[in-house]
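Welcome, and please take a moment with the sequence and the model before reading on. The report below is meant as a friendly guided look.

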Amino acid sequence: NSFCTLLVRSLTMSAREPAVCWCFGASLTEGLTYDAASGAMDFRPYADYIRELSGGAVEGVATGHSGATTTDLLEDYLLWDLEKVVARGSSVPRFVAVLGGTNDLGHALANARGVSVSDDVLDGVVSTPAGNLLNIADTIRSHKAFAGAPPHVFLITVPPLGRQLKEPMGSQLWSASVRARERLAANLRRLAADGEPGVSVLDSWPVLGDGDALRDDFNCGDGIHLSDAGYRALAALVADACVAEESQVAPS
């Protein structure tokens with residue numbers, strides 16, 4: 001039950017320093033959010049909630065880059081951010097949570113309004129972000145900064161879009177967007193299962209979704225980014241995965 005979970009987390013925290021989880025990605029990692037009434041923009045990284053939601057067992061650190069595709073993350077930001085995170089303190093990350101692909105899918109499907117998109121086309125759309133995300137995981141785990149003790153990498157699947165986008169997108173583009181997210185998630189699960197241990201997939205849809213759309217209370221108002229409650233739910237997904245993984249490797 002929840003009391004036992006918190007007790008285990010508290011005992012974990014008291015036994016040693018919190019494990020570090022580095023959260024890497026685009027604007028959903030940066031915590032971009034909007035106030036629908038005022039139009040004001042704010043940043044609430046989900047990493048900021050991980051320590052609380054893990055009972056102090058895991059500390060979250062975020063580096064997010066608004067608008068970045070997985071190619072941008074891999075080629076422009078990954079090594080810079082990795083070195084910055086490693087240099088910030090004595091504890092190198094034991095976990096890395098990577099969330100990318102939203103911008104890849106948005107760009108690839110931008111011209112698909114009113115067009116039926118075949119499964120073959122969607123396979124091509126998702127192949128690049130899937131490959132990039134696995135390359136990100138492999139690059140992190142093989143980096144010299146971890147001195148033979150690579151972190152566990154969690155690849156988070158792309159969350160659903162807000163339902164207010166369904167009508168302006170049109171039924172065909174909306175369907176293509178949903179199917180692309182499903183196919184990207186399936187590709188990530190397959191590639192992670194076929195690869196080396198230490199890389200796993202966290203499915204955001206059951207946590208953040210309601211049917212084929214983002215939960216209304218998790219939608220900040222623009223249909224893409226999350227509310228504070230949505231970022232907390234995402235943080236809980238990552239915190240629980242880190243604590244579960246930590247319990248498997250913790251000394252008895």
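What follows covers the sheet, its central strand, the helices beside it, one residue of interest and the salt bridges.

## The sheet

Please keep in mind that this is a predicted model. Its sheet is open and built from 5 strands, which follow the order S4-S1-S5-S6-S7 with parallel pairing. At the edges sit strand S4 (58-64) and strand S7 (199-202), each with a partner on one side only. From one strand to the next, the twist averages 25 degrees.

Let us walk across part of it. Strand S1 (residues 19-25) pairs with S4 over 7 bridges, in the parallel sense, and here Cys21 stands opposite Gly60 in S4. S1 also runs parallel to S5, and 5 bridges join the two. In that pairing Phe24 faces Val98 of S5. Val98 in turn stands opposite Leu155 in S6, where 5 bridges join the parallel strands S5 and S6.

## A closer look at S5

How many residues of S5 are buried? The count is 5 of the 5, so the strand is largely enclosed by the rest of the structure. In a regular strand, side chains alternate between the two faces of the sheet. S5 shows this nicely: Phe95, Ala97 and Leu99 point one way, Val96 and Val98 point the other way, and all are buried.

## Helices against the sheet

Two helices deserve a look here. Helix H4 (residues 70-87) packs on the sheet and touches S1 and S4, with its direction at about 155 degrees to that of S1. Helix H6 (residues 119-141) lies across S1, strand S5 (95-99), strand S6 (152-156) and S7. The direction of H6 makes about 165 degrees with S6.

## Thr63 on an edge strand

Thr63 belongs to strand S4. Is Thr63 buried or exposed? Its relative accessibility is 7%, and because buried means under 20%, Thr63 counts as buried. Neighbours within four places in sequence aside, the contacts of Thr63 are Trp22, Cys23, Phe24, Gly25, Thr29, Asp81, Lys84 and Val85.

## Salt bridges

Side chains of opposite charge can pair when their charged atoms come close. Searching the whole structure gives 12 salt bridges. One of them joins Arg44 to Asp42, with the closest N and O atoms 3.5 Å apart. Arg44 is partly exposed at 32% relative accessible area, and Asp42 is partly exposed at 36%.

Another pair is Asp210 and Arg163, whose closest N and O atoms are 3.1 Å apart. Which parts of the chain does this pair link? Asp210 lies in strand S8 (residues 209-210) and Arg163 in the loop between S6 and helix H7 (166-169), so these are distant parts, 47 residues apart. Asp210 is partly exposed, with 42% relative accessibility, as is Arg163, with a relative accessible area of 32%.

Asp212 and Lys166 form a further salt bridge, at 3.3 Å between the closest N and O atoms. Asp212 is in the loop between S8 and strand S9 (213-214), while Lys166 is in helix H7, so the pair ties together parts 46 residues apart in sequence. Asp212 counts as partly exposed at 28% relative accessibility, and Lys166 likewise at 32%. Finally, Asp119, Asp123, Arg179 and Arg183 are joined into one network by salt bridges that share partners.

Key
Residues numbered from 1 in each chain as written. Predicted model: local features only at pLDDT ≥ 70, side-chain atom pairs only at ≥ 80, totals over all residues. Heavy atoms only, no water. Pairing = 2+ DSSP bridges. Helix = DSSP H or I, 4+ residues; strand = E, 2+ residues; numbered from the N terminus. Axes fitted to C-alpha atoms, helices over the stretch in contact; angles between N-to-C directions. Contact = heavy atoms within 4.5 Å. Salt bridge = Lys/Arg side-chain N within 4 Å of Asp/Glu carboxyl O. Buried < 20%, exposed > 50% of the residue type's maximum accessible area, 1.4 Å probe, protein only.
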